[in-house]
Amino acid sequence: MPVKLSHALNAKHSSAIQLEDRTRSWLRSAYADHIWVVADGAGEGKDETVSFDVRMADGRSLIEHRDLCASAKELLFWIRAGNYTRIDDAYRHKQYGDAIIRACYGLTARGFSSFADLTAVDIELICEDAAFGVDGLTRASKSLKEKLAEYQTWQHVPRSLIKNEELDLREAITAFHLPSTWARKEIKSELLVATARLNGKLLASVADMKERPITIQNIQLVTMLFDALYALRHFIVAPTIGFRPFPEGPAKKAEDLGSTTERTPIAPPDLVLTLLEESVRIVATQCESIQTGYKTLLDVDNRETSKRPEAQAMRARIETFVTACYILIAAFTARRREEIKMLERDCIAGNNDYGWWMKVYIEKTDRRRTWIPIPSIVARAVQILCSLDTGNFEDPGMSLFEYLDPVARRRTSLKPESRLNDFAKLVGAHEYTNEKNETLPWHWTTRQFRRFFAVLFIYRYKGKKETLAHHLRHFNLQMTNDYVTLDPDNARVWTREIWNFQIEIARDLVDGRTVYTGPMGDRLTKLVQRLKQKFSDNIIIVPERMARIVMRSMKKNQLVLTPKPWVTCSCPHNLHGCHKAACRKIAGFEANAIGPDFSAAGPTVCPSCPWALIAAENLAYIDEELQAMRVADNHEYTIFGELQAANIVQLSAFRGSLGIR
């Protein structure tokens with residue numbers, strides 16, 4: 001709801017603007033008015049109105065945001081009055097006006113109060129979001145999702161937001177200062193998703209499932225606004241930007257965003273794990289030889305031409321090694337390309353005993369450097385990068401991706417982001433086989449790395465990647481996930497990947513590619529058998545259709561899949577799931593508790609739980625756990641040894657009941 005104010009143009013900017021210079025034949029209103037009526041230049045079309053009295057993301061009217069309102073009015077005036085572009089019709093002028101006001105809303109949603117506060121990276125990120133429509137530009141559904149995530153149960157939800165046992169759209173728009181007409185479909189979807197979550201169900205929202213950007217013409221509407229703020233800076237008497245946002249031009253930027261922001265399908269998990277496995281292997285096995293060889297070469301007089309081939313070979317090895325480091329850093333921080341390249345040489349702290357941390361810059365939310373946990377192999381990679389000589393200039397705040405080129409003998413910036421596909425081809429992670437058994441190439445980009453962590457977290461137990469598993473054995477993936485999902489983009493990826501994981505399990509059950517045991521595995525397997533018997537004599541049903549039927553059954557039973565090394569938990573996040581869960585029977589629970597208690601879960605607890613899904617990779621983990629227990633049990637007797645022996649008996653009995661090797 002607009003906030004009506006008594007004052008017109010604020011004194012700060014009205015004193016600088018000569019209002020007699022802000023009159024044009026197409027502006028039917030006074031410049032200082034809150035509502036402008038704009039006319040067609042030819043006088044044939046109908047007049048259009050643009051209101052500046054629009055509520056922003058913080059609940060205040062745009063008019064109360066003095067800098068933003070002044071910039072919006074000046075830009076809307078000069079984009080037609082100046083020589084930046086030609087606008088003759090009122091409808092197109094209104095389009096720019098609406099886009100400007102939505103951009104102002106988006107700035108307030110991101111914590112900005114002026115266009116002058118924006119950096120080049122800020123504008124880049126805003127335009128990337130805007131490529132997916134008004135909702136992306138305004139950040140409306142993302143803001144709503146973040147606020148609704150604070151409500152863990154219905155008891156936490158204010159009564160004013162609930163209507164007919166659902167979250168009410170009208171009340172949510174008022175309470176959270178959401179746009180009343182923009183992005184309505186996405187806002188309604190987030191409310192439905194949150195309602196489902198509070199009821200123990202899992203849904204994917206409209207915003208999360210968007211795959212393609214809007215038209216290039218609509219994207220260009222936004223890129224032109226930022227470009228015009230720079231181009232018209234000498235005319236605009238209000239805060240603007242002092243740098244060219246798009247050196248390639250706003251049209252080319254819109255074209256690039258239209259073609260490159262289409263959300264690339266998540267790389268096949270096996271391909272992701274192969275790339276990570278080989279990256280870890282290279283860092284683990286080559287770090288010392290690269291470090292020694294590099295220093296040896298630098299000690300040699302650079303005038304010795306006989307050493308040039310060795311220097312060129314070393315440069316190639318370093319470039320490959322740095323690319324492996326870049327992939328690991330991207331996978332375990334989920335940061336964007338620009339943010340990774342901003343890493344400094346003093347970006348890590350910690351030790352192997354107590355864990356390692358990395359200081360990364362989070363542009364979209366915190367807008368500051370934040371410490372996040374990393375595995376020791378990533379810390380080792382950073383240490384090697386820091387050991388590369390930088391010549392006579394040494395600064396802890398210096399870029400991590402700079403070094404003294406062994407061939408040119410001068411400081412050079414490393415560009416691992418441009419070598420991703422060469423690296424993938426080198427390690428055999430450049431092709432995949434689709435469902436039609438066709439071998440196709442895969443093109444890697446840094447943007448895909450943000451999906452790596454969700455893939456790694458969910459699928460790591462399915463892959464036979466021993467090097468990767470070895471270097472993650474003491475690393476808490478859940479802790480890192482808590483950090484990376486603070487970013488709304490990563491949270492969206494996480495939701496999508498969980499959904500894909502459910503689909504894969506349904507397909508495995510139907511195709512028989514994976515044999516699932518355990519109480520829930522047996523139930524779902526029997527469901528598939530009943531479906532096959534039902535349809536085999538009557539109609540031919542394709543596996544995809546049957547998989548969707550299985551998915552509907554899982555959804556109906558409100559199953560929420562959570563992969564663990566020893567089991568895939570399917571416990572619903574509701575009271576029923578809580579009462580049945582084996583972990584809850586051990587730990588106990590309060591009257592309003594829902595879902596599982598993973599702090600009490602483990603390989604001796606979960607396998608017999610009614611919500612347990614057990615596959616071959618889980619059995620392999622259980623076998624390894626048994627072996628480790630038996631080795632420990634051979635040591636000197638202690639009270640802990642007695643408990644260990646009891647666990648061996650319990651786990652062995654369960655393992656024997658499965659009868660699968």
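Let's start with the overall wiring: among contacts in the protein chain with a separation of 6 or more, 67% join residues 24 or more positions apart, where contact means heavy atoms within 4.5 Å. You are looking at a predicted model, in which local features need pLDDT of at least 70 and side-chain atom pairs count only at pLDDT 80 or more, while totals for chains, interfaces and linings use all residues. Residues are numbered from 1 along each chain as its sequence is written, and side-chain values use heavy atoms, with hydrogens and water left out.

The protein chain has 26 helices and 14 strands. These elements are DSSP runs numbered from the N terminus, with H or I over at least four residues for helices and E over at least two for strands. Of the 661 residues, 51% count as buried. Here buried means under 20% relative accessible area, exposed means over 50%, and partly exposed lies in between, using a 1.4 Å probe and protein chains only.

A good place to step inside is T138, which sits in helix 5 (residues 134–138). With a relative accessible area of 0%, T138 is buried. Leaving aside residues up to four places away in sequence, T138 touches R102, Y105, G106, A109, R110 and W182. T138 also has a C-alpha to C-alpha distance of 9.4 Å to L178, although the two are 40 residues apart in sequence.

Now move on to helix 6 (residues 140–148) and look at its packing with helix 8 (residues 184–198). Two packed helices are described by the angle between their axes and the distance between the axes. For this pair, the axes come within 9 Å and cross at roughly 20 degrees. The axes are lines fitted to C-alpha atoms, for helices over the stretch in contact, and angles run from 0 to 180 degrees between N-to-C directions. Helix 6 and helix 8 are therefore roughly parallel to each other; angles under 35 degrees count as roughly parallel, over 145 as roughly antiparallel, 65 to 115 as roughly perpendicular and the rest as oblique. On the helix 6 side, the contact is made by A140, S141, L144, K145 and L148, and on the helix 8 side by E186, I187, E190, L191, A194 and R197. Sorted by type, these residues are six nonpolar, one polar and four charged. In that scheme, Ala, Val, Leu, Ile, Met, Phe, Trp, Tyr, Cys and Pro are nonpolar, Asp, Glu, Lys and Arg are charged, and the others, Gly among them, are polar.

The stretch leading up to helix 8 has some backbone details to check. E165 lies in the loop between strand 3 (162–163) and strand 4 (166–167), and its phi is near 60 degrees, a positive value in a residue other than glycine. E165 is exposed, with a relative accessible area of 67%. R170, found in helix 7 (residues 169–175), is likewise exposed, at 65%. The C-alpha atoms of R170 and S180 are separated by 8.5 Å, with their positions ten residues apart along the chain. A183, in the loop between helix 7 and helix 8, has a positive phi of about 50 degrees although it is not a glycine. At 10% relative accessibility, A183 counts as buried.

Further along, helix 13 (residues 308–333) and helix 16 (residues 420–427) pack at an angle of about 100 degrees, with their axes 10 Å apart. That makes helix 13 roughly perpendicular to helix 16. Helix 13 contributes T320, T323, A324, Y326 and I327 to the contact, and helix 16 contributes L420, F423 and L426. The residues here divide into six nonpolar, two polar and no charged.

Finally, turn to the cysteines and a tryptophan. The structure holds zero disulfides, a disulfide being a pair of cysteine sulfur atoms within 2.5 Å. For C287, the nearest cysteine sulfur is that of C325, 8.9 Å away, and C287 counts as buried at 5% relative accessibility. For C609, the nearest one belongs to C583, at 6.3 Å; C609 is buried too, at 8%. W611 is placed in the loop between helix 24 (582–587) and strand 14 (612–613), and counts as buried at 5% relative accessibility. Beyond residues up to four places away in sequence, W611 touches a list of residues including M520, R523, L559, C569, C571, P572 and H576. K580 is also touched by W611; the two are 31 residues apart in sequence and 8.1 Å apart in space, C-alpha to C-alpha.
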